[in-house]
Amino acid sequence: MANVTICGYLRTSGGDQIPLRTDSVAEGTETTITTDANLTVTAQDVGTYKPGTTVMSGEIIAPHGVAYCYILRQGLVLSVMIPNVGGVSNQEAMLSTPVVLRPGDQIRILASTAANRTASLLVKTSSGNTRIFTGLPSGAGTTQLLDITDSNSIGDTLQGQTIVQACLLSVDGSKIVSSGGVWIRNASGQLAGAVPSSNPSTVEPMWSNVNIPIALNFTASVVTNA
């Protein structure tokens, strides 16, 4: 694993851009991305830099691989933005939920090597709740995806809510045999919903519009054949 530069920007509701850049980011370690000191004098958390500003969209670029990116507030995932690998993206990514920045809000990202197999499920519910679930396949078998905040299953985290948007990031491609993406199964193991996967190294990931009610003991998992 290498130390890399993560860069990008956020766009506000007024059309302004907040430049972002952090150098020497260790791949495989979740990191805070600050403003670009070349343009903002000092590197600052986004909430400290422009409190009261509404951010709507943006672009976050990692050079080799990326698992997820989100805005953190007081220990919780406030809003998710689909990150990209350099040279692959062709349009700005919308935040899952627009955010009025507050002091202390941070942008967090998990950059990875191009070969890292972490599967990341980004979801938004009809109530506006956004969460991230990840797992690391290591061969043939089933890998359950767990909440990055508390390591709970999707049923424990989102019971009583309905997922309306989702995106699965994975480099595994044809190795994934769970309908080509993630299976969301009910307590009896029956399929409640599926989300296709995107390899951010080869194609810009996009949100899928879905309608998946979640109840207790539901699981999210990917099945791989190698």
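Trainee: Which strand gives the most to the lining of the second largest cavity?

Mentor: That's β5, with three residues. A strand here is a DSSP run of E with at least two residues, numbered from the N terminus. Bear in mind that this is a predicted model, where local features need pLDDT of at least 70 and side-chain atom pairs pLDDT 80 or more, while totals for chains, interfaces and linings use all residues. Residues are numbered from 1 along each chain as its sequence is written, and side-chain values use heavy atoms, with hydrogens and water left out.

Trainee: What makes a space a cavity?

Mentor: On a 1 Å grid over the protein atoms alone, a cavity is a set of points where a 1.4 Å probe fits but cannot get out; lining residues have an atom within 4 Å of a point. By this rule there are two cavities of 30 Å³ or more. The second largest is lined by L10, C69, Y70, I71, M81, L95 and I107.

Trainee: And what does its volume of about 40 Å³ stand for?

Mentor: The space filled by probe spheres set on the grid points, which are joined across faces, edges and corners. The largest cavity comes to about 70 Å³.

Trainee: How do the residues of each lining divide by class?

Mentor: Ala, Val, Leu, Ile, Met, Phe, Trp, Tyr, Cys and Pro count as nonpolar, Asp, Glu, Lys and Arg as charged, and the others, Gly among them, as polar. So the second largest cavity's lining has seven nonpolar, no polar and no charged residues. The largest cavity's lining has five nonpolar, seven polar and no charged; G65, S112 and N116 are among its residues. Again β5 (residues 65-73) gives the largest share there, three residues.

Trainee: Switching to β11 (residues 130-135): why is this strand called mostly covered?

Mentor: Because buried means under 20% relative accessible area (1.4 Å probe, protein chains only), and six of its six residues are buried. T130, I132 and T134 point one way, R131, F133 and G135 the other. In a regular strand the side chains alternate between the two faces of the sheet.

Trainee: How do you know that β10 and β11 pair?

Mentor: Two strands pair if DSSP finds at least two bridges between them. β10 (residues 119-125) and β11 are joined by six, running antiparallel, so they pair. L122 stands opposite I132. They form a hairpin with four residues between them, and G128 in the turn has a positive phi of about 90°.

Trainee: Over how many bridges does β11 pair with β13?

Mentor: Two, in the antiparallel sense, with β13 covering residues 146-147. There, T134 stands opposite L146.

Key
On a 1 Å grid over the protein atoms alone, a cavity is a set of points where a 1.4 Å probe fits but cannot get out, and a pocket is an open set with protein on both sides within 12 Å along at least five of seven lines; lining residues have an atom within 4 Å of a point. Buried means under 20% relative accessible area, exposed over 50%, partly exposed in between (1.4 Å probe, protein chains only).
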